[in-house]
Amino acid sequence: MAGKVYLVGAGPGHAKLITVKGLECLQKADVVVYDRLAAPQLLGAVKPGTRKIYVGKLPDRHTMKQEEINQLLVDLALEGNVVVRLKGGDPTIFGRVGEEAGLLKKNGITYEIVPGVTAAISVPAYAGIPVTHREMASSLSIITGHESPDKLDRMIDWEKVTNATGTLIFMMGVSKIGYIADQLMEHGRPGHTPVALVRWGTRAEQDTLTGTLADIEQRVLAANFQPPAVIVVGDVVLQREQLKWAEFLPLFGKRILVTRAKSQASELVNRIDELGGESYEFPVIETVYPQDRDKLVRIQDSLSRLNTYDWVFFTSVNGVEYFYRHLAEQGQDVRSLYGAKIAAVGPATAQALTERGIVPVELPERFQAEGLIETLGSQLEPGQRVLLPRGNLARTWLPEKLEELGLDVTAIDTYQTVMSQEEDHELIRLLEEHAIHIVTFTSSSTVTHLIGKLKQMGVQDPVQLLSTVEAACIGEVTAQTARDAGLRVSMVAEQATIERLVESLCSYMKNDHQQVK
């Protein structure tokens with residue numbers, strides 16, 4: 001039975017500018033056929049096992065001819081796959097969707113066209129240029145600028161186009177900008193007409209160049225301004241100086257690699273995006289239920305004696321979550337801890353307990369095990385029994401220190417932190433092109449596992465590949481692990497929280513901008 005093809009617009013570049021329907025299609029796809037202008041992060045939304053086929057076109061070469069792409073979609077659908085053809089912007093605006101849909105129709109294959117946010121409007125908006133304005137332009141034209149001059153002359157009636165609308169939008173015309181400007185001036189547009197070129201709009205590489213029809217070609221050549229870019233012609237360009245906003249966001253222009261587990265990355269990813277950065281998710285770790293039988297027996301035995309503990313120390317959100325999972329599986333609840341004091345390291349861990357009806361004794365000022373000892377030291381007495389639910393990679397410092405103080409410590413590995421199974425060769429390309437600017441580490445295991453994942457994907461010297469990337473770390477322990485690995489640590493959050501990590505990113509960027517000035 002034949003499958004189905006979704007012809008999906010990915011939006012202008014920023015991963016979050018895809019439509020809800022487009023994202024839903026990606027999440028159920030068996031195969032994704034994508035091009036250069038689709039945000040690479042979108043490929044992370046697919047289900048495990050989804051095939052990813054790159055058919056993008058570069059200015060100097062075509063990876064696959066359009067006719068071959070058309071046939072590929074047919075062949076994949078005939079194999080019974082749910083196929084997503086992911087195209088930059090909107091598929092109906094210079095996206096050749098008519099050719100792809102035409103062959104699908106001819107072969108009796110069901111398809112849907114899922115509109116996308118077109119770059120023609122959204123890219124100028126990110127540069128602070130509204131394509132219409134009540135006092136400047138009440139209409140616009142979207143025109144191809146990608147063809148050779150002779151083809152442009154055949155496809156465009158310059159006499160009519162030049163003054164047909166207040167705003168002219170040329171797509172993919174950087175290399176033809178001189179010819180386009182000359183034609184517009186020759187057919188009636190004044191040489192002082194404002195022009196803007198917005199390169200890689202909505203992405204970390206976003207760059208805007210402004211001028212007039214008379215001097216824009218010279219400015220493009222002087223700046224070595226490269227495609228892809230959207231060209232805006234008209235008085236609306238003058239609104240940029242008043243309305244530009246993206247450049248003022250504190251993380252603008254930075255693509256930031258997020259390495260923490262996918263289940264915990266959303267807060268950091270959202271904050272980066274809100275502050276103008278471009279987050280790139282590559283989870284290098286994941287937490288899993290313990291598989292070792294001896295460890296499971298130890299957990300069961302330890303939890304069967306909950307009423308004997310004087311203290312329970314939680315050092316992470318995962319420790320809380322997995323502790324409750326083990327309790328539920330054994331048919332127990334926290335009422336057995338009626339005689340114990342419960343302490344948490346860090347506000348996120350405390351919040352996880354509070355959501356379950358437990359208020360920790362008090363929080364250490366430093367969100368590490370050392371801070372817990374400093375804060376509770378006077379209450380810790382020899383002979384007290386301590387339960388320490390944690391992960392298999394937790395530091396040994398806390399149980400060792402508690403034992404030095406004479407306490408009886410039972411440490412149980414309620415979960416395991418392991419290297420994720422995901423691979424992302426697009427990340428390697430971005431690193432090779434120095435397109436990843438900052439990498440965030442939220443634990444020592446994210447440091448070691450990122451290096452391990454890169455090796456697993458065929459990188460012989462991961463540290464060298466990461467040499468131009470600045471590291472931002474939660475806490476000094478994580479930072480020291482990164483330094484020991486040979487990475488360049490530029491930012492360390494004073495407190496081990498996501499919000500403090502984000503603040504360190506913004507503070508570093510602010511200082512960096514001031515130095516550049």
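Look for disulfides anywhere in this predicted model and you come up empty: a search of the whole structure finds zero. Why is that? A disulfide is a covalent bond between the sulfur atoms of two cysteines. Take Cys473 to start with: the closest cysteine sulfur to its own belongs to Cys506, and at 16 Å that is too far for a bond. Turn it around and start from Cys506, and the closest cysteine sulfur is the one in Cys473, again 16 Å away and too far for a bond. For a pair to count, the two sulfurs would have to be within 2.5 Å. As for where these two sit, Cys473 is buried, with a relative accessible area of 0%. Cys506 counts as buried too, at 18% relative accessibility, since the cut-off for buried is under 20%.

Now for the charged side chains, where there's a lot more to find. The count comes to 25 salt bridges. A good one to start with is the pair Glu112 and Lys4, whose closest N and O atoms are 2.6 Å apart. Glu112 belongs to strand 7 (residues 110-114) and Lys4 to strand 1 (residues 4-9), so this salt bridge ties together parts that are 108 residues apart in sequence. Are the two partners buried or exposed? Neither, really: Glu112 is partly exposed, with a relative accessible area of 25%, and Lys4 also counts as partly exposed, at 22%.

Next, follow the chain along to helix 15, which covers residues 397-404. Here Lys401 and Glu404 meet in a salt bridge, with 3.8 Å from N to O. This pair sits within one helix, with the partners three residues apart, or about one turn. Lys401 counts as partly exposed at 27% relative accessibility, whereas Glu404 is exposed, with a relative accessible area of 61%.

A further pair to look up is Arg429 and Glu433, whose side chains meet in a salt bridge at 2.8 Å, N to O. Both of these residues are partly exposed: Arg429 has a relative accessibility of 33%, and Glu433 has a relative accessible area of 47%. Salt bridges can also share partners, and that is what joins Arg203, Glu205, Arg255 and Glu278 into one network.

With those details in hand, step back and take in the whole chain. What is it built from? The protein chain has 20 helices and 22 strands, and helix 15 and strands 1 and 7 are the ones you have already visited. Along the principal axes, the C-alpha atoms fill a box of roughly 90 × 60 × 45 Å. The chain has 517 residues, and 51% of them count as buried.

How much of the contact pattern comes from residues 24 or more positions apart? Among contacts with a separation of 6 or more, such residues account for 69%. The link between Glu112 and Lys4 is one case of parts that lie 108 residues apart in sequence being tied together.

Finally, have a look at the outside and the overall spread of charge. The accessible surface of the protein chain comes to about 23,700 Å², and carbon and sulfur atoms make up 49% of that. The chain carries 53 positive and 65 negative charges, and the mean positions of these two sets are 3 Å apart.

How values were computed. Residues are numbered from 1 along each chain as its sequence is written. This is a predicted model: local features need pLDDT of at least 70, side-chain atom pairs count only at pLDDT 80 or more; totals for chains, interfaces and linings use all residues. Side-chain values use heavy atoms; hydrogens and water are left out. Buried means under 20% relative accessible area, exposed over 50%, partly exposed in between (1.4 Å probe, protein chains only). A salt bridge is a side-chain nitrogen of Lys or Arg within 4 Å of a carboxyl oxygen of Asp or Glu. Helices (H or I, at least four residues) and strands (E, at least two) are DSSP runs, numbered from the N terminus. Contact means heavy atoms within 4.5 Å. Accessible areas come from the Shrake-Rupley method with a 1.4 Å probe; for residues, only the protein chains shown count as cover. Lys and Arg count as positive and Asp and Glu as negative; His and the chain ends are not counted. The place of a charge is taken as NZ of Lys, CZ of Arg, CG of Asp or CD of Glu.
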